[in-house]
Amino acid sequence: DGATCDNMIENVIGRYNLPFGPGLNFLINDRDFLVPMVIEEPSVVAAASNAARMIRDGGGFRAEVSAPVMIGQVQILEVANPEAACRDLLAREEEILAAGREQVPNLVKRGGGPIGIKPRILALPGSADGGMVVVHLHIDVRDAMGANMVNTIAEGVASLLAEITGGKIGLRILSNLATHRTVKVCASIPITALADENGAEVRDAIVSASRFAELDPYRATTHNKGIMNGVDAVIMATANDWRSVEAGAHAYAAQSGTYQPLAVWTSGQDGSLKGEMTLPLAVGTVGGALQVHPTAKLALTIMGSESAADLAAVSASAGLACYLAALRAGAEIIDPRPYAVGEIAASYEKYVHISDVLPALGYAEAQLADLHCTIERVPCDTVVVATPIDLSRVVRITKPTARVTYSFEESGTTRLPR
């Protein structure tokens, strides 16, 4: 309601609604989950559910979730001797951790709090940036996303760090690149689950597409977008910070210096399709917008858990499922003939040479209605539009589309007889 919105942001003039639906068939670490998803893009929920069904045939998702350790950064400027400063900081690590624990007594009672530090030299004296050191505070935030607690600790220990290093304090804030808070998800799919007859071909096409993304950052970017379709949908449903998750995931993908796909698909020794993905995932099931957003609370109820570790495993599994669905969609053409209605069905009977393409015959109102109905009936993830005009201008297509255009070049001098 309006009062709840006023407690969340400023200058509220209304609410912006998005579709909310559950992803189905998810078996994660031998447990069944309904996956809450909020997304405006058609077919994502259905595609994820279908991919999860295929993965279920191979035993489901296996997820490993690390400890919920976030990084707080304290920037220290004008450090005369960065090497000595780092040694002094490590020598007084326990004192620094104790000072940090004093800032968050309730977190410490729940088993969390600062657990370690890591100083890093960013610039040496005499350089344009002068002597600069950053101290990473490693903080176990339990079931929270942890931003406020991390920032509180960073603020609380800053003066002690300045005293130890003899420098001047700069920024004191968390990092959204949560390299110590990661999820690894694996899946194995038998080729019989990929397709009834040509499962091996579908597997090989998916592996080839995955390898393409490993070699080309332009392809990797689009592949990772497919992964984030699933991850973000769960993050949004549970009122977590999808912007921080996106930023962290893309930075993680570029750590090698070349942007890489977050997930990789390979062919297993048993002939199955094997997928593996690791990404940083800072999510919480307490605090933040969850305290005031009733639908986010409902999302956790639908998921059946209030554990941040479970939420991370579910979010990552949804991402891997969406990635599989996207690659498989690129590997398989759905024959539209069994789903044709009206004049479209009649055209298949008349023009028997038409195979697994959907003809756009005429633009009369009845013909367009039959074309729309046929497209909606076909269980596909994407519609490839190859008509001379943009078909979406005359037919309402609710599924994602990819438009194909053509160019030609004259070859030889052959001419038609007059």
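Asp241 has a relative accessible area of 28%, which makes it partly exposed. Keep in mind that this model is predicted. Let's start with that residue and work outward.

**Exercise 1: Salt bridges around Asp241**

Find the salt-bridge partner of Asp241, then say how exposed that partner is.

*Solution.*
- Step 1: Look at the side chain of Asp241. It meets the side chain of Arg243 in a salt bridge, with N to O at 3.3 Å.
- Step 2: Check the partner. Arg243 has a relative accessible area of 49%, and partly exposed covers values between 20% and 50%, so Arg243 is partly exposed.
- Step 3: Look for a network elsewhere. Arg92, Glu95 and Glu163 are joined into one by salt bridges that share partners.

**Exercise 2: Two more pairs**

Compare where the partners sit in the Asp32–Arg56 pair and the Asp140–Arg142 pair: which residues are buried, partly exposed or exposed?

*Solution.*
- Step 1: Begin with Asp32 and Arg56, whose side chains meet at 2.7 Å, N to O. This pair ties together distant parts of the chain, 24 residues apart: Asp32 lies in strand β2 (residues 31-38) and Arg56 in helix α2 (residues 44-57).
- Step 2: Read off the accessibility. Asp32 comes out at 53%, so it counts as exposed, while Arg56 is at 32% and counts as partly exposed.
- Step 3: Move to Asp140 and Arg142, where the closest N and O atoms are 2.8 Å apart.
- Step 4: Sort these two as well. Asp140 is buried because its relative accessible area is 8% and buried means under 20%. Arg142, at 30%, is partly exposed.
- Step 5: Put the pairs in context. A search of the whole structure turns up 12 salt bridges.

**Exercise 3: Helices crossing α6**

Work out how α4 and α3 are each oriented against α6: parallel, antiparallel, perpendicular or oblique?

*Solution.*
- Step 1: Take helix α4 (residues 93-101) and helix α6 (residues 147-165). Their axes come within 8 Å and cross at roughly 150°. Angles over 145 degrees count as roughly antiparallel, so α4 is roughly antiparallel to α6.
- Step 2: Note the hand of that crossing: α4 and α6 cross in a right-handed way.
- Step 3: Now take helix α3 (residues 82-91). Its axis is 9 Å from that of α6, and the two pack at an angle of about 130°. That is why α3 and α6 are called oblique to each other.
- Step 4: Check the hand again. Where α3 passes α6, the crossing is right-handed.

**Exercise 4: Positive phi angles**

Find where Glu78 and Ala239 sit, and say what phi value each has.

*Solution.*
- Step 1: Recall the general rule. Most residues other than glycine have a negative phi.
- Step 2: Look at Glu78. Its phi is near 55°, a positive value in a residue other than glycine. Glu78 sits in the loop between β4 (69-77) and α3, and at 57% relative accessibility it counts as exposed.
- Step 3: Look at Ala239. Its phi is near 60°, again a positive value in a non-glycine residue. You'll find Ala239 in the loop between α9 and α10 (242-253), partly exposed with a relative accessible area of 22%.

**Exercise 5: Inside or outside?**

Place Pro114, Ala299 and Met236 in their elements, then say whether each is buried or exposed, or in between.

*Solution.*
- Step 1: Pro114 belongs to strand β5 (residues 113-123). Its relative accessible area is 5%, so Pro114 is buried. From Pro114 to Val104 is 10 residues in sequence and 9.2 Å in space, C-alpha to C-alpha.
- Step 2: Ala299 belongs to helix α11 (residues 294-303) and, at 0% relative accessibility, counts as buried. Between Ala299 and Pro217 there are 34 Å, C-alpha to C-alpha, and a separation of 82 residues in sequence.
- Step 3: Met236 is part of helix α9 (residues 217-237). With a relative accessible area of 33%, Met236 is partly exposed. Together with Tyr16, Leu18 and Trp242, Met236 makes a nonpolar surface patch of about 430 Å².

**Exercise 6: The whole picture**

Describe the protein overall: how many helices and strands does it have, and what share of its residues is buried?

*Solution.*
- Step 1: Count the elements: 14 helices and 12 strands.
- Step 2: Turn to burial. Of the 418 residues, 44% count as buried.
- Step 3: Add the dimensions. Along the principal axes, the C-alpha atoms fill a box of roughly 90 × 55 × 50 Å.

Note on methods:
Residues are numbered from 1 along each chain as its sequence is written. This is a predicted model: local features need pLDDT of at least 70, side-chain atom pairs count only at pLDDT 80 or more; totals for chains, interfaces and linings use all residues. Side-chain values use heavy atoms; hydrogens and water are left out. Patches are made of residues with over 30% relative accessible area and no salt bridge: like charges are joined within 9 Å, nonpolar side chains (Val, Leu, Ile, Met, Phe, Trp, Tyr) within 5 Å. Accessible areas come from the Shrake-Rupley method with a 1.4 Å probe; for residues, only the protein chains shown count as cover. A salt bridge is a side-chain nitrogen of Lys or Arg within 4 Å of a carboxyl oxygen of Asp or Glu. Helices (H or I, at least four residues) and strands (E, at least two) are DSSP runs, numbered from the N terminus. Buried means under 20% relative accessible area, exposed over 50%, partly exposed in between (1.4 Å probe, protein chains only). Axes are lines fitted to C-alpha atoms, for helices over the stretch in contact, and angles run from 0 to 180 degrees between N-to-C directions. Angles under 35 degrees count as roughly parallel, over 145 as roughly antiparallel, 65 to 115 as roughly perpendicular and the rest as oblique. A crossing is left-handed if the near helix is turned anticlockwise from the far one by less than a right angle, and right-handed if clockwise.
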